[in-house]
Amino acid sequence: GGAQTIKNVVPFMESYGPLRDLTSFTNALDSACLGAVSATTGDGTVFNFAGDAGKLYSLSGATYGNVSKAGNYTGVTNWEFERFGDRIVATSLATTPQYFDMGTSSLVADLPGSPPVAARVGVIRGFLVLGDIENNPSRLVWSGHENTEVWTASRASQSDQRDLRGQGGRIHKILSGQYGVLFQENSIWVMTYAGPPTIFTLDEVEKGRGTPTGNSVCRVGNRIFYLSHDGFYSFGEGSEPIGSEKVDRWFFSQAGALDSVRGVVDRVNKLVLWGFQSTSGLAYNDLLVIFNWSTGRWTYGEVNTELLLDNSTTGYDLDTIDT
């Protein structure tokens, strides 16, 4: 009654649309992109940052320029970015957390206050929260309230730390908001502000299910999409399978290293896209699996990517509109 395999299209309500070709609009980074973020300040200025194994970059026009601290970086395998007001914080297990104040900074610098080296970062109720701490992958550490430069635990500042109990394993993702959602390898937690002396309460809402790769986790509104050990899920009140049977079996038959999976939400078209590496052993992701959350339909595409990003382009004003 129809095609058994639909490739290089995106699923819509009653039809399929083209999966468009990629277009180059900036220069290249020095090596593979390991993380990126796009942010708009209160006055409408757009900032785009990206990082590779040795440098952090800021986009000016169509050029990514090096804004790393002196000496650059060594051995970075993943960058994670979070916005705190007009401050961008970047984390990696290869360096102290880095910061850049949009509109003020010219180069990235070490975040003051001696924060721990951490892989994951989020912002929850006015606190900068770090997870997957160096030498303690199940630990959370958070800053003083509304102050990213206070890291000494005290009741006055409300800065503190907590180890997630149980067998959840490494913290792979911290989702920001009025309450936090934490993904470990084998558990999902909700982190809720309670005030002194507790500061935060931590509730394990899913035991035995988490994600093997934090970069697969992406959010739109109150819905969170992620790859677990047994397939794709949507998390709201709880986890619901969205790729049961055929999609999950196809994905695991095609996927190589799961830590290469990177997800992103296309809010305009109501799509979630995950780039992943096939079993061909390539150094980049060469496949996409695409889910339309309004229809429940799936497709896939053959596209080479390193990272997927919901990006804002630089705006124009009356002085630059001719250009």
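What volume does the largest pocket have? About 1,500 Å³, going by this predicted model. The second largest pocket comes in at about 1,000 Å³, and there is also 1 cavity of 30 Å³ or more to look at. Here's a quick tour of what lines each of these spaces.

**The largest pocket**

- With its volume of about 1,500 Å³, the largest pocket has 39 lining residues.
- If you want to find the middle of it, go to Leu22, Phe25, Leu307, Leu308 and Leu309, which are the lining residues nearest the centre.
- Two elements, strand 23 (262-266) and strand 24 (271-276), put two or more residues into this lining.
- Strand 23 is the top contributor here, with 3 residues.
- Sorted by class, the lining of the largest pocket has 23 nonpolar residues, 10 polar ones and 6 charged ones.

**The second largest pocket**

- This pocket, at about 1,000 Å³, is lined by 32 residues.
- Closest to its centre you'll find Val37, Phe81, Lys173, Leu309 and Asp310.
- The elements giving two or more residues to this lining are strand 3 (35-40), strand 7 (80-84), strand 15 (171-175), strand 19 (218-220) and strand 23.
- Strand 3 chips in the most, with 5 residues.
- The class split for this lining is 17 nonpolar, 7 polar and 8 charged.

**The cavity**

- The count of cavities of 30 Å³ or more stops at 1, and the largest cavity holds about 50 Å³ of space.
- Its lining is made up of Phe49, Leu56, Tyr57, Val67, Phe81, Ile88, Ala90, Gln98, Tyr99, Phe100 and Val108.
- Strand 5 (56-60), strand 8 (87-92) and strand 9 (95-101) each bring at least two residues to the lining of the largest cavity.
- Strand 9 has the largest share of that lining, at 3 residues.
- No charged residue turns up around the largest cavity: the lining is 10 nonpolar and 1 polar.

**Names that turn up twice**

- Leu309 is among the residues nearest the centre of the largest pocket, and Leu309 is also on the list of those closest to the centre of the second largest pocket.
- Phe81 lines the largest cavity and is one of the residues closest to the centre of the second largest pocket.
- Strand 23 gives the most to the lining of the largest pocket, and strand 23 also supplies two or more residues to the lining of the second largest pocket.

Notes. Residues numbered from 1 in each chain as written. Predicted model: local features only at pLDDT ≥ 70, side-chain atom pairs only at ≥ 80, totals over all residues. Heavy atoms only, no water. 1 Å grid on protein atoms, 1.4 Å probe; cavity = no way out; pocket = protein on both sides within 12 Å on 5 of 7 lines; lining within 4 Å. Points joined across faces, edges and corners; volume = space filled by probe spheres on them. Helix = DSSP H or I, 4+ residues; strand = E, 2+ residues; numbered from the N terminus. Nonpolar A, V, L, I, M, F, W, Y, C, P; charged D, E, K, R; others polar.
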